[in-house]
Amino acid sequence: MKSRFARHTNNLEKIKSFYIDILGFELLVGFENHNNYDGIFIGKPNLDWHLEFTKSNEIVNFNFGEENYLVFYNKTVKEFESIKSKLINNYVTFISSKNPYWNENGIIIKDPDDYSIIIAMIKV
């Protein structure tokens with residue numbers, strides 16, 4: 001099974017920069033003016049998942065719940081620390097989760113659309 005997390009945004013360029021330049025994903029493909037939508041697919045090549053962000057002339061009023069998270073697990077401490085450094089260097093604010101598990105096992109941030117992201121380590 002393959003998966004895609006798809007979400008509309010009001011600022012495609014900010015989202016693109018955040019997920020590529022800070023979180024380290026890659027632009028897999030993009031499109032313009034497909035039925036009045038522009039979009040990008042972000043992820044890592046040869047994986048069975050990716051993120052899709054689209055933009056149109058419609059302005060989105062976001063209503064994300066308090067515990068709606070997109071969680072990314074890092075395989076190594078080096079990868080985790082690299083992302084943490086990029087977050088700090090780009091003045092991304094760390095926030096707390098209502099769920100104490102995530103406060104103990106990850107870094108919680110907000111993306112440019114104010115969606116909560118957790119950067120965590122895979123526990124072996």
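The questions below concern the salt bridges and the largest pocket of a predicted model.

Me: How many salt bridges are there by the 4 Å rule?
Reply: A pair counts when a side-chain nitrogen of Lys or Arg lies within 4 Å of a carboxyl oxygen of Asp or Glu. By this rule the count is three.

Me: Is Glu52, the salt-bridge partner of Arg4, buried or exposed?
Reply: The N to O distance between Arg4 and Glu52 is 3.2 Å. The two sit 48 residues apart, Arg4 in strand S1 (residues 3-8) and Glu52 in strand S4 (residues 49-55). Arg4 has 49% relative accessibility and is therefore partly exposed. Glu52 has a relative accessible area of 12%, and because buried means under 20%, Glu52 counts as buried.

Me: Which residues are joined into one network by salt bridges that share partners?
Reply: Asp111 meets Arg7 at 2.6 Å, N to O; Asp111 is in the loop between strand S6 (106-110) and strand S7 (116-121), 104 residues from Arg7 in strand S1. Asp113 also forms a salt bridge with Arg7, with the closest N and O atoms 3.0 Å apart. Asp113 and Arg7 are both buried. The network consists of Arg7, Asp111 and Asp113.

Me: Which elements give two or more residues to the lining of the largest pocket?
Reply: The volume of this pocket is about 420 Å³. Among its 17 lining residues, Phe25, Lys44, Tyr73, Asn74 and Glu79 are the closest to the centre. The elements asked for are strand S5 (69-74) and helix H2 (77-89).

Me: How many nonpolar residues are in the lining of the largest pocket?
Reply: By class, the lining has three polar and four charged residues. The nonpolar residues number 10.

Definitions and conventions: Residues numbered from 1 in each chain as written. Predicted model: local features only at pLDDT ≥ 70, side-chain atom pairs only at ≥ 80, totals over all residues. Heavy atoms only, no water. 1 Å grid on protein atoms, 1.4 Å probe; cavity = no way out; pocket = protein on both sides within 12 Å on 5 of 7 lines; lining within 4 Å. Points joined across faces, edges and corners; volume = space filled by probe spheres on them. Helix = DSSP H or I, 4+ residues; strand = E, 2+ residues; numbered from the N terminus. Nonpolar A, V, L, I, M, F, W, Y, C, P; charged D, E, K, R; others polar. Buried < 20%, exposed > 50% of the residue type's maximum accessible area, 1.4 Å probe, protein only.
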